[in-house]
Amino acid sequence: MTTAIMTAEKDEAATSDQTAATAPRAENRQPHPGRADGGRQGKGQQQRRRQNEGRSRKLDINGWLILDKPIGMTSTHAVAVVKRIFNARKAGHAGTLDPLASGILPIALGEGTKTVPYVMDGRKAYAFTVSWGAETNTDDTEGEVTARSDRRPTREEVEALLPRFTGELMQVPPRFSAIKIDGERAYDLARDGEEVELAARPVLIHRLTLVEHTGDTSTLEAECGKGTYVRAIARDLGRAIGCLGHVATLRRTRVGPFRLDRTISLAALQELSHKPPVDNEPGETVDDRTIAPALLSQVLLPVETALDDIPALAVNRADAVRLARGQTVLLRGRDAPIIEGPLAVTCQGRLVAVADLEAGEIVARRVFNLSGAH
């Protein structure tokens, strides 16, 4: 298995012109009477310079962080926080999670960003509570109530309708969604007061079950494919029953191969970022916002973890070099595998590429630079 790796960019930190302009001239600085502190001043300046250089360097960190996103934070903000904590050069997430939702937000770092599409295409699972008796313009508690109903469904009524919302069906996305209309996000248009009309689109809901029912609320679990909106499920259930409804709470419990048992909270991640490296050089200071290299293996999953759901194919070193150069590799012999769709190509346990098999040839679609990782 490939482990997360980290290398520092070899560039020099910029010197602050303001510091240079306001600092007293060296010949005018005199030590305090009775104090031989000249040496300590020089040492302090070296420490500050090391710290500033450490903050300015961006690191090549490769892997997946499975964040348990807290309520109230946008997915974009969560990625920015994680990127800052790791001082990472590159980061992105695999599927937006609404600010009012909590749960799994997979964040890819470095070479892991090349596997984002394969995670987003995987199944997702949610646990959510529907509040009956009102519909909102956002289909959750963040929006304004647009209609009310005094009717409340029975448990039997809810359960009887679930098969209608399972399998392949057409779903109209919420008006407050990230779908683009003529280049504009639907939620931006809706916030500006414009009328937003979104066309129904096909979605796949593998499983929808009722977990708890209190009369005013129902808690359900859903397992669905890419592009499914849980808020739309709650809205459409309420309309079908005739009592109206919206999402009160939402928690994502699975994204592709990632589940809750692999998550880390933002609080735990920030706590780790305050721990210094195991081996500090004498006088070296550490930016307390970043995670020490020795702790990376505790929080990052290997890049190839994102590809657990696709077939794997091992090649020799010569073929791995060809694929890394963008060349194809011919599979010979009657024992050559017959594989449809993407496959993960490895060499000596290390991820080389995500590729397709076309007419007996391996054609690389994504090549990974994970040399030195074991």
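## Close-up views of a predicted model

**View 1. The whole chain, seen through its contacts.** Take the contacts in the chain between residues at least 6 apart in sequence: 71% of them join residues at least 24 apart. Keep in mind that what you're looking at is a predicted model. Its chain has ten helices and 21 strands. Of the 374 residues in the chain, 43% are buried. The chain also exposes about 20,200 Å², and carbon and sulfur atoms supply 48% of that area.

**View 2. The largest pocket and what lines it.** Here we step into the largest pocket, which holds about 1,100 Å³ of space. Its lining is made of 36 residues, and T96, L97, D98, A178 and Y229 are the ones nearest the centre. Sort the lining residues by type and you get 15 nonpolar, eleven polar and ten charged. Several helices and strands chip in with at least two lining residues each, including the helices α3 (75-86) and α7 (230-241) and the strands β12 (201-213) and β14 (245-255).

**View 3. D98, a residue with a note in UniProt.** We've just met D98 as one of the residues nearest the centre of the largest pocket. An unreviewed UniProt entry places the feature "active site" at D98. To find this residue, look in the loop between β4 (91-93) and β5 (102-109). Is D98 buried, partly exposed or exposed? Its relative accessible area is 26%, so D98 counts as partly exposed. Leave aside the neighbours within four places in sequence, and D98 is in contact with K69, M73 and R231.

**View 4. T305, tucked into a loop.** T305 sits in the loop between α9 (296-299) and β17 (312-314). Why does T305 count as buried? Its relative accessibility is 3%, and buried means under 20%, so T305 makes the cut. Which residues does T305 contact, leaving aside its neighbours within four places in sequence? They are P257, F258 and R262.

**View 5. E157 on helix α5.** This view is centred on E157, which belongs to helix α5 (residues 155-161). With a relative accessible area of 28%, E157 is partly exposed. Not counting residues up to four places away in sequence, E157 touches R151 and R152. Now look for I241: along the sequence, E157 and I241 are 84 residues apart, yet in space their C-alpha atoms are 7.2 Å apart.

Key: Residues are numbered from 1 along each chain as its sequence is written. This is a predicted model: local features need pLDDT of at least 70, side-chain atom pairs count only at pLDDT 80 or more; totals for chains, interfaces and linings use all residues. Side-chain values use heavy atoms; hydrogens and water are left out. On a 1 Å grid over the protein atoms alone, a cavity is a set of points where a 1.4 Å probe fits but cannot get out, and a pocket is an open set with protein on both sides within 12 Å along at least five of seven lines; lining residues have an atom within 4 Å of a point. Grid points are joined across faces, edges and corners, and a volume is the space filled by probe spheres set on the points. Helices (H or I, at least four residues) and strands (E, at least two) are DSSP runs, numbered from the N terminus. Ala, Val, Leu, Ile, Met, Phe, Trp, Tyr, Cys and Pro count as nonpolar, Asp, Glu, Lys and Arg as charged, and the others, Gly among them, as polar. Buried means under 20% relative accessible area, exposed over 50%, partly exposed in between (1.4 Å probe, protein chains only). Contact means heavy atoms within 4.5 Å. UniProt positions are given in the numbering used here, feature names are shortened, and annotations may be inferred rather than shown by experiment. Accessible areas come from the Shrake-Rupley method with a 1.4 Å probe; for residues, only the protein chains shown count as cover.
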